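Got your viewer open? Here is a walk through the model, stop by stop, with something to select at each one.

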Amino acid sequence: MARQYLSIDVGGTAVKSARIDHSGNIIVRRRAVTPRDQAAFLHLLTTIIDRQPGVAAICVSVPGIVNPHTGAVKFTGALAFLGQFPLAAYLRQYAGLPVYVGNDANCATLAELWLGNLTGVANGAVITLGTSVGGGLVINGQLVHGPHFRAGELSAIVNNYDHAAPHQATVGASTSSVKMIATVATACDLPDPTDGRRAFEVINRRQAPAWSIFTAFCRRVAVLMVNVQAVVDLERILIGGGISAQPILISEVRRQFRLLQEGDRRLMDDIAMPMIMAARFGNDANLLGALYGLLLKIEEDR
């Protein structure tokens, strides 16, 4: 039987886990609510491990600043309450198995680099849209971590220099797809501000004011891409996150990118429009990317 691995994707609301083989085939998957304190969180992880005996190694995707060499994590976002924790060392001692821990956006990028829409692309990126904005950069075929393990932290880019509140001046504050959907729901009297499916029903009909809210959001995504292109000049940028399953999102971001270029000759002359596509793996991206990060680390350590 081919080797199998346990992959765990820690999110702000749910912890997903899957048993995956060496080729990236998901054999079984589970889901649990993310605990809100460290003791319960670690207990959930060890319970997940106990329920999947016989795996060759463990890999984990987490929101936070991760040292990919040691697996130490400074948790951020919804899990900031966990603080700093040597997660890989803790799980390695508990399970007696090799352990890899990676940043969630980097894992999503690794999945696309391994089996998805960045395969064969030397210079590309993944931009994940959700509660905030995540990112992963591939340069010369390699995922870029940076000396402080913070490369790709696109949510921290300042896009409004004159805003009095620094946090509100960032991409993370202005380009939340969750906030966009909630704004559409409120403006259109939809019953559930978290129901993206209903929000996109009115967006796809180009119903006012949903359409103007959506196109303004896509313009902000396009501005982010222009800023990234000005620095690294990529071949392809993928959009990830649950919202990326909506074809209208990809087409409208492309249109907004072209409008930005047409509105300023400098952007037409100095910025090349990359190929803009949806990421391939959706909600499985972090599970698969964590495994690829593990396989790369095993190969590197040999």
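How many bridges join strand 9 to strand 10, and do they run parallel or antiparallel? Select residues 124–129 for strand 9 and 133–139 for strand 10: six bridges join them, and the two run antiparallel. Keep in mind as you click around that this is a predicted model.

**The open sheet**

While those two are highlighted, pick Thr128 and look across to strand 10, where its bridge partner is Gly134. Now widen the selection. Strands 9 and 10 belong to an open sheet of five strands, in the order 11-10-9-12-13, with mixed pairing. Its edges are strand 11 (142–143) and strand 13 (275–278), each of which pairs on one side only.

**Helices across the sheet**

Next, add residues 104–115. This is helix 3, and it lies across strand 9, strand 10, strand 11 and strand 12. Line up your view with strand 10 and you'll find helix 3 running at about 45° to that strand.

Then bring in residues 247–263, which are helix 8. Helix 8 lies across strand 9, strand 12 and strand 13, and its angle to strand 13 is about 160°.

**Helix 10 and its cover**

Jump to residues 285–301. Helix 10 has 17 residues and reaches 24 Å from its first C-alpha to its last, close to the 24 Å expected at 1.5 Å a residue. Colour its buried residues, which include Ala285, Leu288, Leu291, Tyr292 and Leu295. Gly289 and Gly293 are also among the buried residues of helix 10.

What covers them? Show strand 1 (4–10), strand 2 (14–21), strand 3 (26–33), strand 4 (58–62) and strand 8 (99–103), which are included in the cover over the buried residues of helix 10. Helix 3, from the previous stop, is part of that cover too.

**Salt bridges**

Time to turn on side chains. Side chains of opposite charge can pair when their charged atoms come close. The structure holds eight salt bridges, and three of them are worth a stop.

Start with Asp9 and Lys16, whose side chains meet in a salt bridge at 3.5 Å, N to O. Are these two buried or exposed? Asp9 is buried, and Lys16 is buried as well.

Now go to helix 6 (residues 196–204) and select Arg198 and Glu201. Their side chains form a salt bridge at 3.6 Å, N to O. The two residues are three apart in helix 6, so about one helical turn separates them. Check the surface here: Arg198 is partly exposed, with a relative accessible area of 29%, and Glu201 is partly exposed at 32%.

For the third, select Arg265 and Asp269, where the salt bridge is 3.0 Å, N to O. These residues sit four apart in helix 9 (residues 265–270), so they too are separated by about one helical turn. Arg265 counts as exposed, at 62% relative accessibility. Before moving on, swing back to helix 6 and add Arg197 to the selection: salt bridges that share partners join Arg197, Arg198 and Glu201 into one network.

**Aromatic rings**

The model has five aromatic pairs. Select Phe200 and Phe214, which form an edge-to-face pair with 5.7 Å from centre to centre and 80° between the planes. This pair links distant parts of the chain: Phe200 is in helix 6 and Phe214 in helix 7, 14 residues apart. Both Phe200 and Phe214 are buried. Add Trp211 to complete the picture, as Phe200, Trp211 and Phe214 form one aromatic cluster.

**Backbone oddities in the loops**

Last stop: hide the side chains and look at the backbone. Where does Pro209 sit? Pro209 is in the loop between helix 6 and helix 7 (210–232). The peptide bond that leads into it from Ala208 is cis, with omega near -5°.

Two residues here are worth a look for their phi values. Asp189 has phi near 55°, a positive value in a residue other than glycine. You'll find Asp189 in the loop between helix 5 (177–187) and helix 6, and it is exposed, with a relative accessible area of 69%. Asp233 is not a glycine either, and its phi is positive at about 50°. Look for Asp233 in the loop between helix 7 and strand 12 (236–240).

Terms used
Residues are numbered from 1 along each chain as its sequence is written. This is a predicted model: local features need pLDDT of at least 70, side-chain atom pairs count only at pLDDT 80 or more; totals for chains, interfaces and linings use all residues. Side-chain values use heavy atoms; hydrogens and water are left out. A salt bridge is a side-chain nitrogen of Lys or Arg within 4 Å of a carboxyl oxygen of Asp or Glu. Buried means under 20% relative accessible area, exposed over 50%, partly exposed in between (1.4 Å probe, protein chains only). Two strands pair if DSSP finds at least two bridges between them. Contact means heavy atoms within 4.5 Å. Axes are lines fitted to C-alpha atoms, for helices over the stretch in contact, and angles run from 0 to 180 degrees between N-to-C directions. The expected span of a helix is 1.5 Å times one less than its number of residues. Rings of Phe, Tyr and Trp (its six-membered ring) pair if their centres lie within 6.5 Å; planes under 30 degrees apart count as stacked, over 60 as edge-to-face and the rest as tilted.
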